[in-house]
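Colleague: I'd like a close look at a single part of this model, one strand and whatever sits around it. Could you walk me through it in one go?

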Amino acid sequence: MKKYDYIIAGSGLFGAVFAHEAVKKGKKVLVLERRGHIGGNIYTEKVEGIDVHKYGAHIFHTSNKRVWDYVTGLVEFNNFVNSPVANYKGEMYNMPFNMNTFSKMFGISTPKQAAEVLAKQRAEIKGEPKNLEEQAISLVGRDVYTKLIKGYTEKQWGRDCSELPAFIIKRLPVRFTYDNNYFNDRYQGIPCGGYTELIEKLLSGAEVRLSTDFLADRENYLQTADKCIYTGPIDEYFAYSLGKLEYRSLKFETEVLDEENHQGVAVVNYTEREVPYTRVIEHKHFNFGTQPKTVVTREYPTDWEEGMEPYYPVNNEKNNELYKKYAALAEKENVLFGGRLAQYKYFDMDDTVEEALSLADKLL
């Protein structure tokens, strides 16, 4: 008899949801987490009574009722609506691109006027866009591109828009309504007690070991369980034997400010290239906080190197081909690979929950 039914490498959202489903079915589950805390990148910690999103802003949004009922059945969610603003050289614009944006940028007031200005500017690009710059202008025109896309995107990817492939921006949301809600999904919010509370509920009943690296002793761990779910980077699992997959990473600079309200909104994007960070998060606004102090985080995109946290897979042709080779190796292992890093794919949180539930439906 093996000691555990399932070993799960990683306590992020994918691993935690699967663990929860397995425990509900009476399975004995061991969760191994490399970091010193649970929750992966959605971990939140209390600072000055404020839930701080330690690894960048996470806003839960979905149109999948099963997923929404699942998470809200575990913890209470608030009614936060993501309405970020963009700061371009001190000019403030609403995001996503909507009538508030166009009214301020073009000095117009009706959807018809906005559509005419955009159509005229889009016409600058003839034929098939050759790079991201041309693709963006063909979608939203030169003015919106210059002020709200160019600098932000160049910081995000670490190169000029003219050097980036067009496919990165397949579409850009353009709304001819005065609506600042960033997402179109039916359900949206943030756990009232922070995401760590959600993960704690999901992991209830499972054995959890922190600061424990599954890969450092995998053979022994695999002998103690019938099945293993691995949620870490797929190339690291195979010791980068075929080469490293590329990611973009982030560096965070967080500080407590002795003021009640620093920027008036949870998220401000800084869209000029000269400002080194892409955005500033003021965490208290995610939960409508009234604390006397505030906590802000500046995000700096950077190239990923081994030892850093991988955030965004660089899903270009070269990396996708390399991932396919690793996925073929994975099929020969007696291990299931799931989640953003193991599947080398950017998942929103609702996608992650859905994927984990689908795997649980299949296996349990």
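Modeller: Take strand β13, residues 279–282: Arg279 and Ile281 point one way, Val280 and Glu282 point the other way, and all are buried. That fits the usual pattern, because side chains in a regular strand alternate between the two faces of the sheet. Bear in mind that this is a predicted model.

Now for the neighbours of β13. On one hand there's β12 (residues 267–270), which runs antiparallel to β13 and is joined to it by three bridges. Ile281 of β13 is the bridge partner of Val267. Then there's β14, also antiparallel to β13, with four bridges joining the two. Here Ile281 stands opposite Thr297 of β14. So if you put your cursor on Ile281, you can step to Val267 or to Thr297.

Stay with β14 for a moment, since this strand, residues 294–303, also holds Glu299. Is Glu299 buried or exposed? Its relative accessibility is 2%, so Glu299 counts as buried, the cut-off being under 20%. What does the side chain of Glu299 make a polar contact with? The partner is the side chain of Arg279, at 3.0 Å, and Arg279 is one of the β13 residues we started from. Leaving aside residues up to four places away in sequence, Glu299 touches Arg279 and Ile281, along with Tyr277 and Thr278. Its other contacts are Gly56 and Ala57, plus Leu250, Lys251 and Phe252.

Zoom out and you'll see the sheet that β13 belongs to. It is an open sheet of seven strands with mixed pairing, and the order is β7-β6-β12-β13-β14-β11-β15. The edges are β7 (91–94) and β15 (312–313); each has a single partner strand, so one side of each is left without a neighbour in the sheet.

Where does the parallel pairing come in? Look at β6 (residues 85–88), which runs parallel to β12 and is joined to it by three bridges. Across that pair, Asn87 stands opposite Tyr270 of β12. So β12 has a parallel partner in β6 and an antiparallel one in β13, in keeping with the mixed pairing of the sheet.

To retrace the path on your screen, begin at Arg279 in β13, follow its side chain to Glu299, then go back to Ile281 and cross to Val267 in β12.

Methods:
Residues are numbered from 1 along each chain as its sequence is written. This is a predicted model: local features need pLDDT of at least 70, side-chain atom pairs count only at pLDDT 80 or more; totals for chains, interfaces and linings use all residues. Side-chain values use heavy atoms; hydrogens and water are left out. Buried means under 20% relative accessible area, exposed over 50%, partly exposed in between (1.4 Å probe, protein chains only). A polar contact is a pair of N or O atoms within 3.5 Å; within protein, one must be able to donate a hydrogen and the other to accept it, and residues adjacent in sequence count only if both atoms are side-chain atoms. Contact means heavy atoms within 4.5 Å. Two strands pair if DSSP finds at least two bridges between them.
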